[in-house]
Structures are given as structure tokens and as C-alpha cells.
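Visitor: Please choose a single part of this model and examine it closely. I should like to see how that part relates to its own chain and to its partner.

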Amino acid sequence: MSKRAMTQGTPALPAPWLLATAAAVCLAARATGAAAEAASPVHYVLDQAKSALEFTFMQAGAQNKGKFTRFPVSFDFAPDNLAGSRLEVVVEIGSLDTGDKERDDTLRSADLFAVAKFPQAHFSASQFVRTASGFEALGKLTIRGVTRDARVPFTFRTADEHGVAVGYMSGKTSIRRLDFGVGQGDWRATDQVGNEVGVAFALRLTSAAR
Amino acid sequence: MVIRNTAHRWGAVAQLLHWTIVVLIIVQFTLAALAEDLPPLKKLGMLARHKSVGITILALAILRLAWRWLNPTPALPETLKPYQRVLARWTHALMYLLLFAMPLSGWMMSSARGFPVSWFGFFQLPDLVPKNRALYEALLTTHGTLALVLGALVTLHAAAALAHHFLLKDDVLRRMLPFT
């Protein structure tokens, strides 16, 4: 019994020439991989089920929160090739969820998001800078048909999960809803519903073939 | 007028708490009725005020009960029949209970709805229960029913006070009034 276990547990050492060849192949693979990375960024798409896009807002003096449940992302990114990186986010506004149907319907109505007329919000960025804590995307944010410049700070880390390159992107920022006309008529008032809206995201992105 | 209660009269603090809460309860019924048919944003503002006033009543109710504990309670007139004493005691006990049950059911109802309560925008109160639609519906009914019970008790209480003053001609009403 013990003899069998020992022979099974001890792998035979490969011949030295085999080791040397394997090492050379590995090094070559890494070198070409690095070169490819610098040349063209990795193309990522959103893993919707494992990603979150949330917002917080003041309502009647108290902080309330909500989320979007559909927001496709296309992200071409390489930390060492920021010039070739690109981010496209489409937020399906109709997917908003604040945990209260009455409130959600109000948010979708004409005076607020006007979902019937403006079903999607967009963020597209093609300029990226490195910051002390990560990166910043400089792009255009369009909500309710109004487009404005926006800077979105984020952190990005990659992981190899069962041979698939996965990117984790997270960050938070804040926007003023009235800058985008989210709040017409009475809803322009900010005493009951604040102008400042916090936005936080934690995305799981999977690399996909182009 | 003395600050503390005596065996025959309510002191200034007890009177102030009593009448302030009377005014605030009237405000509460008014705000709740006004909020009913308002569009969403105005309703939000009206109910925010209703919640803030409710939390104020809750705080005052705590003070009031503590003050009652620390002071003598003026005795009921000797002329009262036993059933009247029982009725008075129960009416008062239930009204005290509702001074807590009304704001607490309202607060819980807001938490269950997922709309946290703020006190006039100065600070946000913690949620009493987790968000739960069914619980919210149940608390909404409870809050409304308790309001009807409170309305009935207050009416009975006020009618009894007036009856003491005008029919029985005793000092039950006067000892809760300042400057008398």
C-alpha cells in the first residue's frame, strides 16, 4: 500500500533537454503575448449577472438608492496601451429599479427620464489617463438626450479564470441630474429630491473574440 | 404656575407637553389628509413633513411618560363613579400607547417601503425593518386603523373634559389649563 502510494506520488523527473525546451517555449509565448497586448487592447464585454450599476440620491432628506439591471458594456482596454483603449456603455433606462414600483414608474415618466423618448443613456470614452489610484476615462455622457463631458475614475484589475481573461472594473462618481434635464417642471426643485446623484459601478468583464 | 405636578393640578411641563402634542396631532391628521390626492413630488414633501412631525411626537411622548413617572399624577375627582374611573384610566392608557404606536408604525411602514425617514432633513433615522412590500401594505393598514382609533379616543377624551367642566362643574379641565 505505502509502496504503491510512493511510486504514484513521485513524478519521474523529465530529461534536462525537455525542461530547457519547455522553458524556451514559455518565454517565447510570454514575449509574443506581451507584444500583442501592447499592440491591440483586449476586447471585453459585460458579464451582466455579476455586475452592478447603482445610484444614490437624497429623497425627503434621506439617502435612497437604486440600480440599473441592463447596461451593456464594450471595453477595449490595455493598461499599457491607453491610446488604443475605448469604452462604450449603454444604459437601458427602463431597467431602473429603486425597489418601489410607484417610484420607478414616476422616474420613467416624461418629467424625469422620459424613457419612452430617451430609452438609453450612453457613456463613450476614448481617452484614458493613469491616476494615483487607477485610471480615469474622459468621455461624453448622454442622458435624456443631453450630452456632456464626463470624467469617470475607475480601477481595473485582471484575472485569469479557467483560461479566460476577466477584467474587474469599479469606481464611483457623481452627476447633477438637472445638468441632463432629469427633472422638468416641479421636479426642477431640489428640496425633496436632490440634484446630486451618486453613481457606483462594479463590473465583471470577460474577454471576447472580436 | 408651578413647574411640577401637584396632587391636584398639572404643572407647567405636563401642560406644555399635553397641549403641544394636541396641536401636533391635529397637524398630523391635516398633513396626512392633504397628502392624499397630491401629485408624486408634492406628496413626497407633504409626507416628509408628516414623518418629521411624527418623530417629534414620538420624542415628546417619551419625555411625557418620563415626566409623568417623576411627578405625582393629580387624582381623579372623588365624585366619579367606578365605571367612569375605569373608562378614564383605559382611555388615557390607550392614548399613551397610541402616542408610541402611531409614530412607530409610521416609521416601520416607511422602512418597509424602502423610504428612509429623515427628521426635517437634519438627520436620517435608521430603518426599523427591512424592505418588504407585504409588510409595508400591512403597516399602511395598521397605521390608518390606529389613526381612526386615536381619533375616536381623542374625541371621547375631549368630550369627557368638556362634560366635566360644563355638566359636572369640577376642575378636571381647568387643572390642565394654564392661567386658571
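Guide: A residue is called buried if 20 or more other C-beta atoms, placed from the backbone, lie within 10 Å of its own, exposed if 12 or fewer do, and partly exposed in between. By that criterion, 21% of the 180 residues in chain B are buried. This is a predicted model, in which local features need pLDDT of at least 70 and side-chain atom pairs count only at pLDDT 80 or more, while totals for chains, interfaces and linings use all residues. Residues are numbered from 1 along each chain as its sequence is written, and chains are lettered from A and ligands numbered from 1 in the order in which they are written. The average pLDDT (the predictor's confidence in each residue, from 0 to 100) of chain B is 95, and 100% of its residues score at least 70. For the model, ipTM is 0.79 and pTM is 0.80.

The part chosen is helix α2 of chain B, residues 40-70. Chain B has 4 helices and 2 strands (DSSP runs of H or I, at least four residues, and of E, at least two, numbered from the N terminus). Along the sequence they follow the order α-α-α-β-β-α, and the C-alpha atoms of the chain fill a box of roughly 50 × 30 × 25 Å along the principal axes.

Within the chain, α2(B) packs against helix α3 of chain B, residues 82-113, at an angle of about 145°, with the axes 9 Å apart; axes are lines fitted to C-alpha atoms over the stretch in contact, and angles run from 0 to 180 degrees between N-to-C directions. Here α2(B) contributes residues including B:Lys51, B:Gly54 and B:Ile55, and α3(B) residues including B:Tyr96, B:Phe100 and B:Pro103. The residues of this contact comprise 11 nonpolar, 3 polar and 1 charged (Ala, Val, Leu, Ile, Met, Phe, Trp, Tyr, Cys and Pro count as nonpolar, Asp, Glu, Lys and Arg as charged, the others, Gly among them, as polar).

Towards the partner, 15 residues of chain B are in contact (C-beta atoms within 7 Å) with 12 residues of chain A. To the side of chain B that touches chain A, α2(B) gives the most, 5 residues. That side as a whole holds 8 nonpolar, 5 polar and 2 charged residues.

The largest nonpolar core (buried Ala, Val, Leu, Ile, Met, Phe, Trp, Tyr and Cys residues joined through C-beta atoms within 7 Å) has 46 residues, and A:Val73, A:Phe75 and A:Val89 are among those with the most contacts inside it. Its largest share, 5 residues, comes from α2(B). A second, separate core of 7 residues includes B:Ile57, B:Ala61, B:Leu99 and B:Met102.

Definitions and conventions:
Contact = placed C-beta atoms within 7 Å.
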